[in-house]
Each structure stands twice: as C-alpha cells, then as structure tokens.
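This report goes through selected features of the structure shown below, chain by chain.

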Amino acid sequence: MRPANPGKLVPMSAGPDEGAAPEGTVNEHLRTPIRDIIARFPQVGALLEAHGIGCVPCSLGTCALGDIVDIHNLSPEAERELMTAVGALVAPGEPVVLKARTTTAQKKGFSPPMKTLVAEHRLILRFIALVPAISDSLDLGREADRLLVAASVDFIRNYADRFHHAKEEDLLFARFDRESDILKVMYEDHANGRARVKAAVEALERRDRVGVAEKLAGYTEILKQHIRKEDDILYPWMDRKLSTREVGELYAAFRKLDDEYGEKAARYEAFVRSLEEKFASNDAEVA
Amino acid sequence: MGGCGCPGSKMMAFDRDETTEGPAVSSPSQLRQWPVQLHLVSPQAPYFQGADVLLAADCTAFAMGDFHSEWLKGKSLAIACPKLDSEQETYVEKLKLLMEESMINTLTVLIMQVPCCRGLLGHAARALKESSRKVPVRAVVVSLQGEILQDEWLEG
C-alpha cells in the first residue's frame, strides 16, 4: 500500500520519461494498482464506471491507473474529464497535465486476426448459453447424459482451450509483455477456467450431478466475464499496438493453425448447433 | 474538367502556416525499389516476396507530409491513378498475383477522399475476393490536406 499522503497527482497517460510532471508525483499515482486507489478513494471506482471502465468488480485489481486509462483509449475530452475528476479526489488543488495526443483517425473495427478470435468467442458464448439447460436436464444415471457432459467438456477443452486459447496464448499474447498486469489477468482466467473444467470431470466420474452443474456454471461465469474483457478492452488495445506487419503475420499463423485443425472446427460448430436444436425442442415440449 | 463539378478535379487552394514547418533535418527517402508504377512493377520482383505492400494513389504522396516516414517505411510500393490510368483490368490481375504467388504479408491501400479514388480500393477488394490466398487488406482514406479520414480493414 502507498503512504497515507499520496502526494501530488499530475494525471496523464505518460511514461516515466515524459518529463511533464514534477518528480515523485505522476508516476507514483499512475503506477499505483487500481485496487489500492479504489480502496482509499471509493469514488474513483464510480468515476471509472461512469466512463465505461469496469475495474470495481475485478477480483485482482493489479492494473496500474495509468495503464487502465491508456488501455481504454478514451477520447482526449473524456480522458481529460476523467483524470481531472480523479485528480480532484486524490490530490485536490494539484495541476492536471494530460499527454499530448495526435489526431489521426482511429481504426474502425478489428483487424482480420482479431475478427477471427471474436468469431470464435461467438461460438463459445453460444455453447455457454446452453450450459444451464444442459445442467437442468442432467441425470448422470443415464449414459446419454454422461456422454453429453463428456462431449461438452471435449468442446471446452479442445475448441475453447486447445484451439482458441492456443491462438491467444501462443501467438497473440506472445507478442506482448507476459508480465503485464492485463495479461496476468487473462492467463489467470484461463487457468481458473481449466481448474473448473477439471473439477467438473472429477464430479462426472463420481456421478455427482450437483458438482458437475456447479463447476460448469463456475466455468461459464469465468468465461463470460473473460470474453467481455477481451472483446471490449484487451483486443482493441492490442489491435492499436500491433503493427501492420504483425497483423499480417498473425493472420497467416492463425490460418495455418486453422488448416492444421482441419474440419474439427466445423464439427464443433455442428455440435453446438445440435445442442441448440435439442434444447430448443425441449423448451417447445415443455411449453 | 474543372467545370464539371467533379471533386477530384475541382480547383482549391489551402492556407498553410509557413511558420509551422517540420524538423529542419532532411527526411530520408524510404523508397527501396524501382519501378513503382503498377503497370511497370513485376509481381515476381524479389522485393514483393512476403512483403507488406503499399498501394498508393498517385496524389497521396503529395498530400501527406509523413508519407515516407509513416506509410512507405518498411513496405514495398506500387502507385496508380484509378481516374487517369488505362487498362486497369491488369491492375486486378497483378494484385491477385501479389497475393497468390508473391505471398505478400499485407496490402495497405492509400487513397484520396475524392470519389474517383475509390476505384483503386475497388480493384484491391476485387483482387482479394478473387484470390485463392487471403491477406489482410487495410484501406486508408486521406483528405486533400493530408489527414487520415478513415482507416479500416477489409473483409476477406
């Protein structure tokens, strides 16, 4: 934790070499983990929320304030408004100095490799939406239901994890600092998801229906939040950082992986579609 | 042509503040090949193999102050004018060859905001659609005063 008197704040998305702020002021606050700032100044959390920055519910909160503002790529006006308000709370009366920005047009939409990852998210979310229905109808005394859970675990492990997360971890994330706060959060989400799935498999082996349902629900909750973070924050930030050269290299690497994976991706899409049809018809019967 | 109302030919003058010049040091050229005109370049040229290619409308280099340092740097170049050039069908074929045979990494299409310049983007989009090998194609639209108005990736 920081000392009780945090000193001066000169809010700006600047690195340590920018030189625009008095020494010992800007870096001290911009490099402070957001959980520490929110713990001392809870209104900062509300200010971030008002600007679409959802740090309050984050279980880690290790990202530094400066990185958070940079990652969310606010408009210059919004960044000035936010940081002025944060400064007024954290260091009243101190000057607010914002980093000069260039006024080039922002790229619209995702680059092709990012579009690929977002499209894969859509299939994973379609599956996740079915998990409550799968769990509700589960009778592990029936072989068909045990096979359904096994097939669901196979989808999670082989499509969502081995296929999709491998693209992220091995190809995309590898181009960024693995020790950065935001990537640590992403790796932790992946690890937590894997742990829930492992626990679901163990519950299946015990034919523990409640255990399977709980672990799968835990997995889906992690993945829903994780995908939202990636689609809304991480991928746009990474897309802004990637050079044109890197976009082309990633695109080629993803296509190579797609080719190696072959028709399995289409089979997993068919699996999700078949579940959607099965549970839609179950709903119709109930209705 | 000036009287037809075409924005691509309309006469205009821009006020420039001559006191806000760039750095006094000379900016080195980033061009690393010759020729550059799309009719003259060979898609088989070694500098296109696996390259990031910049397909620039002729006028863009004059409109943009940072053409060399920001856009040409690290890329191989082809230039064309979709309004005045002839036999543009060969442009589509050459772009397809760049994608399929020269295995280019990316194609960045830099055009002016005037409507006639859209034709060059159309050639690139058609080449991408018809190519058996897909590459990321970035479309960048430049204002008459050199600002970036639009920057997006095309669908493959």
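## Local backbone features and helix packing

Met103(B) has a relative accessible area of 43% and is therefore partly exposed, since the partly exposed class lies between the limits of 20% and 50%. The model is a predicted one. Met103(B) sits in the loop that runs between α3 and β3 (106-112) of chain B. Its phi is near 50°, a positive value in a residue other than glycine.

A second residue of chain B shares this description. Glu87(B) also has a phi near 50°, positive although the residue is not glycine. The loop that holds Glu87(B) lies between β2 (76-80) and α3 of chain B. Glu87(B) counts as exposed because its relative accessibility is 61%, and exposed means over 50%. Chain B also contains a cis peptide bond, from Trp34(B) to Pro35(B), with omega near 0°. Pro35(B) belongs to the segment before β1 (52-57) of chain B. As background to these entries, most residues other than glycine have a negative phi, and most peptide bonds are trans.

Where in chain B is Ala139(B) found? Ala139(B) is part of strand β4 (residues 137-142) of chain B. With a relative accessible area of 2%, Ala139(B) is buried, because the limit for that class is under 20%. Leaving aside residues up to four places away in sequence, Ala139(B) touches Val109(B), Leu121(B), Gln150(B), Asp151(B), Glu152(B) and Leu154(B). The C-alpha atoms of Ala139(B) and Ala125(B) are 9.6 Å apart, and the two residues are 14 apart in sequence.

Chain A has 11 helices and 0 strands. Of its 287 residues, 46% count as buried. Chain A exposes about 14,300 Å², and carbon and sulfur atoms supply 52% of that area. Among contacts in chain A between residues at least 6 apart in sequence, 76% join residues at least 24 apart.

One buried residue of chain A is Ala91(A), which is in the loop between α5 (76-90) and α6 (112-136) of chain A. Ala91(A) counts as buried because its relative accessibility is 5%. His29(A) is 62 residues from Ala91(A) along the chain, and their C-alpha atoms are separated by 9.9 Å.

Three helix pairs, two in chain A and one in chain B, are set out below.

| Helix pair | Axis separation | Crossing angle |
|---|---|---|
| α7 (143-172) and α8 (181-205) of chain A | within 11 Å | roughly 160° |
| α3 (42-50) and α5 of chain A | within 10 Å | roughly 175° |
| α3 (89-100) and α4 (118-130) of chain B | 8 Å | about 50° |

For α7(A) and α8(A), the axes come within 11 Å and cross at roughly 160°. The angle makes α7(A) roughly antiparallel to α8(A), because angles over 145 degrees fall in that class. The crossing of α7(A) with α8(A) is left-handed. On the α7(A) side the contact includes Arg146(A), Val149(A), Ala150(A), Val153(A), Ile156(A) and Arg157(A). On the α8(A) side, Tyr187(A), His190(A), Arg194(A) and Val197(A) are among the residues involved. The contact of α7(A) with α8(A) divides into 8 nonpolar, 2 polar and 7 charged residues.

In the pair of α3(A) and α5(A), the axes come within 10 Å and cross at roughly 175°. The two helices are therefore roughly antiparallel to each other. Gln43(A), Val44(A), Leu47(A) and Leu48(A) of α3(A) meet Leu82(A), Ala85(A), Val86(A), Leu89(A) and Val90(A) of α5(A). The residues of this contact are 8 nonpolar and 1 polar, with no charged ones.

In chain B, α3(B) and α4(B) pack at an angle of about 50°, with their axes 8 Å apart. That angle makes α3(B) oblique to α4(B). Their crossing is right-handed. From α3(B), Glu89(B), Tyr91(B), Val92(B), Leu95(B), Lys96(B), Met99(B) and Glu100(B) take part in the contact. They meet His123(B), Ala124(B), Arg126(B), Ala127(B), Leu128(B) and Glu130(B) of α4(B). The contact of α3(B) with α4(B) is made up of 7 nonpolar, 1 polar and 5 charged residues.

Definitions and conventions. Residues are numbered from 1 along each chain as its sequence is written. Chains are lettered from A and ligands numbered from 1 in the order in which they are written. This is a predicted model: local features need pLDDT of at least 70, side-chain atom pairs count only at pLDDT 80 or more; totals for chains, interfaces and linings use all residues. Side-chain values use heavy atoms; hydrogens and water are left out. Axes are lines fitted to C-alpha atoms, for helices over the stretch in contact, and angles run from 0 to 180 degrees between N-to-C directions. Helices (H or I, at least four residues) and strands (E, at least two) are DSSP runs, numbered from the N terminus. Angles under 35 degrees count as roughly parallel, over 145 as roughly antiparallel, 65 to 115 as roughly perpendicular and the rest as oblique. A crossing is left-handed if the near helix is turned anticlockwise from the far one by less than a right angle, and right-handed if clockwise. Contact means heavy atoms within 4.5 Å. Ala, Val, Leu, Ile, Met, Phe, Trp, Tyr, Cys and Pro count as nonpolar, Asp, Glu, Lys and Arg as charged, and the others, Gly among them, as polar. Buried means under 20% relative accessible area, exposed over 50%, partly exposed in between (1.4 Å probe, protein chains only). Accessible areas come from the Shrake-Rupley method with a 1.4 Å probe; for residues, only the protein chains shown count as cover.
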